[in-house]
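Student: I have a helical protein on screen. How do I read a helix that has one side turned inward?

Tutor: Let's look at it together.

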Amino acid sequence: MSEFQSNLRILSESKYGELKDIERMAEQTASIVNLFDRISIESDEKLSLPQEVRQWALSKMLDSADKWEIRFTDLFAVLIDKLGKELVKENIRIQQVRDIFGIRGVDEIRKELDLV
């Protein structure tokens, strides 16, 4: 897990980035979530990637998209595609989206994820 966090941190600290870098971050996040799910199934123990880690990963992607001037619509499409609606819905921080992307970003999330 520390390798995952280190990779995400290195990508997010880059001064310049593109949507493909966000895609790579999302793919790494999906891989680690799936790994924990697979371990949980194989060991018959409820073991999942801690929510704090999932929230941290999403937060890094949001901050990176802001720094790299990536449109929220493009970012959100990648998050939904790579991570799935449920993971995004459970772990995205609405206040952070509002602070970075404004009310339009929040409205897009609410509409797509059926949040009240």
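Tutor: This is a predicted model. Start with α7, where G105, V106, I109 and L113 are the buried residues.

Student: How are those residues of α7 placed around the axis?

Tutor: First the general idea. An α-helix has 3.6 residues a turn, so residues three or four places apart point the same way. Now the case here. The buried residues cover an arc of only 100° around the axis, so they sit on the same side of α7.

Student: Which exposed residues are on the face turned away?

Tutor: R104 and K111 are carried on that face of α7.

Student: What do the buried residues of α7 pack against?

Tutor: They pack against α4, α5 and α6. Just after α7 comes D114, with a positive phi of about 55°.

Student: How do I read the core?

Tutor: In soluble globular proteins, nonpolar side chains tend to be buried together. Here the largest nonpolar core has 35 residues. I22, M61, F72, L75, L83, V88 and V97 have the most contacts inside it. At least two of the core residues come from each of α1, α2, α3, α4, α5, α6 and α7.

Student: Which residues does L75 touch, beyond its neighbours within four places in sequence?

Tutor: L75 is in contact with L19, I22, M61, L62, A65, I70 and F101.

Student: Which residues make a nonpolar patch on the surface?

Tutor: L35, I39 and L47 make one of about 200 Å². L47 lies in the loop between α2 and α3.

Student: Why does L47 count as partly exposed?

Tutor: Because its relative accessibility is 36%. Partly exposed runs between the 20% and 50% cut-offs.

Technical notes:
Residues numbered from 1 in each chain as written. Predicted model: local features only at pLDDT ≥ 70, side-chain atom pairs only at ≥ 80, totals over all residues. Heavy atoms only, no water. Core = buried A, V, L, I, M, F, W, Y, C linked by side-chain atoms within 4.5 Å. Buried < 20%, exposed > 50% of the residue type's maximum accessible area, 1.4 Å probe, protein only. Helix = DSSP H or I, 4+ residues; strand = E, 2+ residues; numbered from the N terminus. Contact = heavy atoms within 4.5 Å. Patch = residues over 30% accessible without salt bridge, like charges linked within 9 Å, V, L, I, M, F, W, Y side chains within 5 Å. Areas by Shrake-Rupley, 256 points an atom, 1.4 Å probe, with all protein chains shown as cover. Salt bridge = Lys/Arg side-chain N within 4 Å of Asp/Glu carboxyl O. Arc of directions from axis to C-beta.
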